[in-house]
Amino acid sequence: MKVEEKEIRIQNVVATAYFNQPLDIDAIAKAFPHVEYRPERFPGLPFRLKKPKTCTLLFNSGRMVCTGAKSEREARRAIMKVARELRAVGIIITGKPEIKIQNIVASGSLGGTIDLEELCERARVGGSLMYEPEQFPAAIYRMESPSVVFLIFSTGKIVCVGAKKEEDVYEAVENLRRRLEEIEVLHEEMPEMRKQGGLEAMAWELITVAQMLVTRLGDRLRCRRCGRKLEVGEEVWKHYSSRKRSNRTDYYCKGCYKKL
Ligand SMILES: [Zn+2]
């Protein structure tokens, strides 16, 4: 499945620019009196643009750090615009800046819920995974390739940080989704799901065990109540429940379902 833009949105691009010359920050502060420059508190001068809506910190060294852009292009555009505005008031800037994208923060949804406990048990996802629900409600997953860090919430919401290229964000999300599907921890939300008391949602569905499910779950595909291994072609009840911090899917044979 292709990761679409609506599923993951870039929230912030941090870019640095280096002009191969020092910048006269005091002169810039004088030329733009509305700019809040407090060198005794912070050495950078925050230069805000309305369009693209960004804030670029300017330093004496000639370094700039631009935050708030929603794309790489926007970040580059913002930096070039800052340089133009500086030139327009007589600040001498020569040559082209060296612009580097340092970090892209994106957020979105995987379109299903995730059982974070299951994820930890089954995680052979490559890279490192950390989940300490008492400290933080999301699992933190460091992906090696592309090199990014994900926050994964049980609702399926994700935050991706550390990418240096937009395409890495999309590739990383696609990898993540594929791996979560492989280890069967990404659960599609079911339309007939009912909320109970606002905290717990659950759903029952009568399904026929498909070969794919057996292949995916192997020995784990057992009746939750009697423990019997469920066979291909057998009709079973699939039960999905979602609590505040965890979601799980269980299967029950028809006999056990009647006794529940
Ligand atoms: Zn059973």
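**A tour from the core outwards**

Select C160 and V169 first: within the largest nonpolar core, which has 44 residues, these two have the most contacts. The model in the viewer is a predicted one. Which helix gives the largest share of this core? Colour α4, which supplies six residues. Next, colour residues 8-103 as domain 1 and residues 110-188 as domain 2. Both domains give residues to the core, so the core lies between them.

Go back to C160 and show what surrounds it. Leaving aside residues up to four places away in sequence, C160 touches A106, V148, F150, V169, A172 and V173. In soluble globular proteins, nonpolar side chains tend to be buried together. For a second, separate core, select C223, Y251, Y252 and C253, which are among its five residues.

**The sheet**

Now switch to a cartoon view. The protein chain has six helices and 15 strands. Nine strands form an open sheet with antiparallel pairing, in the order β2-β3-β4-β1-β5-β10-β9-β8-β7. Which strands stand at the edges? Select 45-49 for β2 and 128-130 for β7: each has a single partner strand, so one side of each is left without a neighbour in the sheet. On average, neighbouring strands of this sheet are turned by 15° against each other, direction ignored.

Select β1, residues 8-18, and then β4, residues 63-69; the two pair in the antiparallel sense over five bridges. On β1 and β4, find two bridge pairs: T16 has V65 as its partner in β4, and A15 has C66. Then add β5, which pairs with β1 in the antiparallel sense over ten bridges. T16 also has a bridge partner in β5, namely K100. In a regular strand the side chains alternate between the two faces of the sheet.

**The helices on the sheet**

Select residues 72-88 to see helix α2, which packs on the sheet. Helix α2 touches β1, β2, β3 (54-58), β4 and β5 (98-109), and its direction makes about 130° with that of β4.

Then select residues 166-182 for helix α4. Which strands does α4 lie across? They are β1, β5, β8 (139-143), β9 (148-152) and β10 (157-163), and α4 runs at about 135° to β10.

**The whole chain**

Finally, zoom out. Of the 260 residues in the protein chain, 25% count as buried. Among contacts with a separation of 6 or more, 58% join residues 24 or more positions apart.

Methods
Residues are numbered from 1 along each chain as its sequence is written. This is a predicted model: local features need pLDDT of at least 70, side-chain atom pairs count only at pLDDT 80 or more; totals for chains, interfaces and linings use all residues. Helices (H or I, at least four residues) and strands (E, at least two) are DSSP runs, numbered from the N terminus. A residue is buried if 20 or more other C-beta atoms lie within 10 Å of its own, exposed if 12 or fewer, and partly exposed in between; C-beta atoms are placed from the backbone. Two residues are in contact if their C-beta atoms, placed from the backbone, lie within 7 Å. Two strands pair if DSSP finds at least two bridges between them. Axes are lines fitted to C-alpha atoms, for helices over the stretch in contact, and angles run from 0 to 180 degrees between N-to-C directions. A nonpolar core is a set of buried Ala, Val, Leu, Ile, Met, Phe, Trp, Tyr and Cys residues joined through C-beta atoms within 7 Å. Domain bounds come from an automatic or database domain assignment.
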